[in-house]
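Reader: I would like to learn how to read the cysteine links and the aromatic pairs of a model; could you take me through them one by one?

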Amino acid sequence: MPKNTKVTQREHSNEPVTESVADLLSLEHPMDYKSSQMSMGLSPGSTAPGRALLPSPDPDAEDGRPAWNNKLEYILAQVGFSVGLGNVWRFPYLCQKNGGGAYLVPYFILLLLIGIPLFFLELAVGQRIRRGSIGVWNYVYPQLGGIGVSSLMVCGFVGLYYNVIIGWSIFYFFQSFQYPLPWAECPIQRNGTQAIVEPECEKSSATTYFWYRQTLNITSSIDDTGGLNWKMTLSLLVAWIMVCLAVIKGIQSSGKVMYFSSLFPYVVLFCFLVRGLMMKGAVDGIAHMFTPKLEKMLEPQVWREAATQVFFALGLGFGGVIAFSSYNKRDNNCHFDAALVSIINFVTSILATLVVFAVLGFKANVMNEKCVVENAEKILGFLNTGVLSRELIPPHINFSHLSAQDYAEMYGVIKTVKEDSFGQMGLDACVLEDELNKAVQGTGLAFIAFTEAMTHFPASPFWSVMFFFMLINLGLGSMIGTMTGITTPILDAFKIRKEILCVACCVIAFLLGLLFVQRSGNYFVTMFDDYSAGLPLTVVVILENVSVAWIYGTKRFMQDLEDMLGFRPYSFYYYMWRYVSPAVLVVLIVATVIEMAVSPAGYNAWVESEGSERFQSYPPWALGMAYALIVVAMLPLPLVYIARHFNLISDGSNKLSVSYRKGMMKDISNLEEQDEQRFILSKNPSEAPSPMPAHRAYLGPGGTQEMTNTNYGTSTKTGYQNIGSPESEL
């Protein structure tokens, strides 16, 4: 390059850079990209040593892409996206179901094996390429560009029903401003002068009745739609308005929202933990939770559920992680971010579990005392009618102050003496352990079990308001990430005002979400939760892993990370990306498919006459709809592959960013200068001195290398790595 150019002068000057992108680009000679050797359309058999996958690291501001105001906003956004409702009502349930404290061991191991490495991978590719999910995987390997489209579609499916849950929380939030709470007692029906308890409520419980009848007004089967539930429709509208306002300005608005929506749930969790520990029975609940059942660790099902929870807890495959990281500077330490966010997510799950079991321990003690009182009254009745002899009652027992231990002793004596007729007495054992073993997850935990516990709190409306406000914020943080995973790839591909796109997406989503606010809507929420995300997301993530580690090459990717971060990542990641993570994901896919084939496809329908749930199989049309969700979410993967393999659609090379084109043109100019030197000096290419600083080649785990001064942003890598060449050709 001539020494009097602006670029050369800038390299030898201490003055601040003031040239515009147009000034820099004007110095370069025009070039036909289609005929260039750097074109993305290289044949798999061609070789181009030293070429890289990722864009040249030019100043971030030059591509006009928005950026986070500060690092804290970005971390809070990633935390808000990964920490969601599942941390509160899914993780505690799995902990209780799969061995208590013993479950934490496989969970933490799998967090290290697949969670942090794959989270780091998504952060790195998003930050380096500075595009959403569609643009990133078009750049990595155009034939697998369907990965981004599938991510977007799964985000759409999940966002549709996830915001319905936020709508439910909004309804409960406004209902909490009453004393007593509306779900504290069963409603009373008056028939003339006679007052009777609502039969449906009496057969279940006050909180269960309020959830199924007052909130959902649910039908008895998925076949009976029952029409729209206007209360839930209004709540869903409010939820979508909140989401729209949070993301309408992109990261400029969502970043500000994250300060509150990400931090406030921790305030509530700590308040609940302190309050819970002060209540009777809280220690029983926590002790039950963390008493390890080590034999559970030998069951494959425990490891499968732990892997699934790790997978979804970090939001892998949704595109939200990539979208958020794409607004970072290229030299941001995304390795630190991956470890930090993953650990925060894990600690949050532990904190939420402590809170849940402290409250459920209190609830179990209350219910056990209630059981003792009710059964003691039955025993008194049997004593008064002569069915039982008073000699059976130990002399130290006082019915007016009957403890659980005294009742257990009396229960054991009666059961032994009246063995033949004991079953007809209808006495319950009232064992605290049985109450603690009642595993509740999902909406049942939040809207039934937890609400019932809060009715026994002093100042119960305050705690109810705080709890559901926390759920709203947890859901909102996840929805912001989900919406960003949808809008960012679209904004990268099309020139649309983000405000218009955001409003259009929210309006369309609200209209489609009316499916979930019918009286039968809860059954569709269950269907989407079971089928729309699980298998498609696992396939998406394993293809992400394979495309980077095996198609592009782990060594090349590690070298790119070293250029970007300024240090070489641990060789641990090399082995995880190349071998361990893909193997674990394959096992997870196989286990998921087997479970879907073995487990009956159905839902828990509410039977009004019985006041309880009953499992029902999906009718043929609903089963077809469930499997269609999987097919539609995964369909872009083969379609894009076939279309690009046969050159039916563009490979995306015409959508390169300004900074990417600029970096490519600078590298081309370097090659032209090398050609000129070879012509003048009559040297072979290998003999001509390179005008650029030598690159440090990554030699794989345990490799050694000389440390040379490599100026960031002046790499000799040009265009796209020949992704068809084997990694051994480094």
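Author: A disulfide is a covalent bond between the sulfur atoms of two cysteines. Here one such bond joins Cys186 to Cys201, with an S to S distance of 1.9 Å, where a disulfide is taken as a pair of cysteine sulfur atoms within 2.5 Å. The torsion about its S-S bond is -80 degrees, and the link of Cys186 and Cys201 is left-handed. This is a predicted model, in which local features need pLDDT of at least 70 and side-chain atom pairs count only at pLDDT 80 or more, whereas totals for chains, interfaces and linings use all residues. Residues are numbered from 1 along each chain as its sequence is written, and side-chain values use heavy atoms, with hydrogens and water left out.

Reader: How many disulfides does the count come to, and which cysteine forms a disulfide with Cys371?

Author: The count comes to two disulfides, and Cys371 is bonded to Cys430, their sulfur atoms 1.9 Å apart. Because the torsion about the S-S bond of Cys371 and Cys430 is about -75 degrees, this disulfide is left-handed. It links Cys371 in helix 17 (residues 334–384) with Cys430 in the loop between helix 19 (422–425) and helix 20 (432–436), 59 residues apart; helices are DSSP runs of H or I with at least four residues, strands are runs of E with at least two, and both are numbered from the N terminus. Cys371 counts as buried at 13% relative accessibility, the terms being buried under 20% relative accessible area, exposed over 50% and partly exposed in between, for a 1.4 Å probe and protein chains only.

Reader: Why is there no bond between the sulfur of Cys244 and that of Cys502?

Author: The sulfur of Cys502 is the closest cysteine sulfur to that of Cys244, but at 3.9 Å it is too far for a bond. Cys244 is buried, with a relative accessible area of 12%.

Reader: How many aromatic pairs does the structure hold, and how is a single pair to be read?

Author: A pair of aromatic rings is described by the distance of the centres and the angle of the planes. The structure holds 58 aromatic pairs, counting rings of Phe, Tyr and Trp (its six-membered ring) whose centres lie within 6.5 Å, with planes under 30 degrees apart called stacked, over 60 edge-to-face and the rest tilted. Among them, Phe120 and Trp577 form a tilted pair, 5.5 Å centre to centre with 35 degrees between the planes. Phe120 lies in helix 6 (residues 104–129) and Trp577 in helix 26 (residues 571–598), so the pair ties together parts that are 457 residues apart in sequence.
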